[in-house]
Amino acid sequence: ITILSDKSIAIADTFNNAIRISKNGQISTLVRSSSNNKLIGDLSDIWLRKPLALAAGSKEGVIFTIEAPSIIRKKIGNSIFLTAGNPNDAGFLNGPIKIALFRYPSGVFEREKGEVIVSDSNNSCIRRIKNQTVTTLAGMCTVSGYRDGPSNSALFKFPIGIQPSVKGEILVADARNNRIRSIGKDGVVST
């Protein structure tokens, strides 16, 4: 769930394969899956399976994660754009957005200047999409556990929700460690 710039509320209706909008007491469908397998293009002809997380774009649009395939997408106007991930595979791979792999991206938000932060749950790490490239922001992807410290050696175990704090940190709901973690501006992870 997220609040958009026009003060409407966007809701990931996961098991109905849709994204809904609530505005002025009325609920409408923003995006709903069609029978086609198209991943990008016009909203009336898009394939959408299990949207998990939503965030308002920093300037416009809605960013959302999808369970299968494990990709991050952005809606602007009446079109859907593939933001990152390989629609034919899931796993872990940093690199250009078209070949990068995610495994169950379940939290997302967009910072100023288009930088997108993603909690990559089954890879147990936090990823960053910036300048058309996916990198690891914190955690040792594919290694789960619990350890605070520098971002490249910290461990998470199924991080799901993420949110920026007013201090500029990133707050992480580390689900299987039953903890709220923080990634500081200096890159240090703490509980």
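What follows is a walk through this structure, from the overall fold down to a few individual residues. Keep in mind throughout that the model is predicted.

Start with the big picture. This chain is strands and loops as far as regular secondary structure goes: there are zero helices and 19 strands. The radius of gyration is 16 Å, close to the 16 Å that the globule rule gives for 191 residues, so the chain is as compact as a globular protein of that length. If you prefer to think in box dimensions, the C-alpha trace spans about 45 × 35 × 30 Å along its principal axes. Of the 191 residues, 47% count as buried. The accessible surface comes to about 9,400 Å², and carbon and sulfur atoms make up 50% of that. As for how the chain folds back on itself, take the contacts with a separation of 6 or more: 37% of them join residues 24 or more positions apart.

Now to the inside. In soluble globular proteins, nonpolar side chains tend to be buried together. Here the largest nonpolar core has 25 residues, and the ones with the most contacts inside it are Phe102, Ile126, Ile129, Ile170 and Ile183. Several strands each supply at least two residues of this core: S6 (51–56), S11 (105–110), S12 (116–120), S13 (125–130), S14 (133–138) and S17 (170–174). Apart from this core lies another, of 13 residues, with Leu4, Leu54, Ile66 and Ile80 among them.

Ile126 is a good place to look around in the 25-residue core. Setting aside neighbours within four places in sequence, Ile126 is in contact with Ile117, Val118 and Ser119, with Thr136, Leu137 and Ala138, and also with Phe156, Pro159, Ile162, Val172 and Ile183.

Two of those contacts, Ile162 and Val172, lead straight into a sheet. Ile162 has Val172 in S17 as its bridge partner, and Gln163 stands opposite Leu171, also in S17. These strands, S16 and S17, pair in the antiparallel sense over four bridges. They form a hairpin with five residues between them, and Gly168 in the turn has a positive phi of about 90 degrees. Step back and you'll see that the hairpin is part of an open sheet of five strands, in the order S15-S19-S18-S17-S16 with antiparallel pairing. S15 (149–150) and S16 (159–164) stand at the edges with a single partner strand each, so one side of each is left without a neighbour in the sheet.

Stay on S17 a moment longer, for Asp174. What is its relative accessible area? The value is 0%, so Asp174 counts as buried. Its side chain reaches the backbone nitrogen of Lys157 at 2.8 Å. Not counting residues up to four places away in sequence, Asp174 touches Leu155, Phe156, Lys157, Phe158 and Pro159, plus two arginines, Arg179 and Arg181.

Just past S17 comes a loop that runs to S18 (179–183), and Asn178 is found in it. Most residues other than glycine have a negative phi, and most peptide bonds are trans. Asn178 goes the other way, with a positive phi near 55 degrees. Ser124 also has a positive phi, about 55 degrees, although it is not a glycine; this serine is found in the loop between S12 and S13. Are these two residues buried or exposed? Ser124 is buried, with a relative accessible area of 5%, whereas Asn178 counts as exposed at 67% relative accessibility.

Finally, go to the N-terminal end of the chain. Four strands form an open sheet there in the order S1-S2-S3-S4, again with antiparallel pairing. S1 and S4 (26–32) stand at the edges, each with a single partner strand, so one side of each lacks a neighbour in the sheet. S1 and S2 pair over two bridges, and Ile3 has Ile9 in S2 as its bridge partner. The loop between S1 (2–3) and S2 (9–13) holds Lys7, which counts as exposed at 67% relative accessibility. Lys7 and Asn24 are 17 residues apart in sequence, and their C-alpha atoms lie 9.3 Å apart in space.

Notes. Residues numbered from 1 in each chain as written. Predicted model: local features only at pLDDT ≥ 70, side-chain atom pairs only at ≥ 80, totals over all residues. Heavy atoms only, no water. Core = buried A, V, L, I, M, F, W, Y, C linked by side-chain atoms within 4.5 Å. Buried < 20%, exposed > 50% of the residue type's maximum accessible area, 1.4 Å probe, protein only. Contact = heavy atoms within 4.5 Å. Pairing = 2+ DSSP bridges. Rg over C-alpha atoms; globule rule 2.2 N^0.38 Å. Areas by Shrake-Rupley, 256 points an atom, 1.4 Å probe, with all protein chains shown as cover. Polar contact = N/O pair within 3.5 Å; in protein donor to acceptor, adjacent residues only side chain to side chain.
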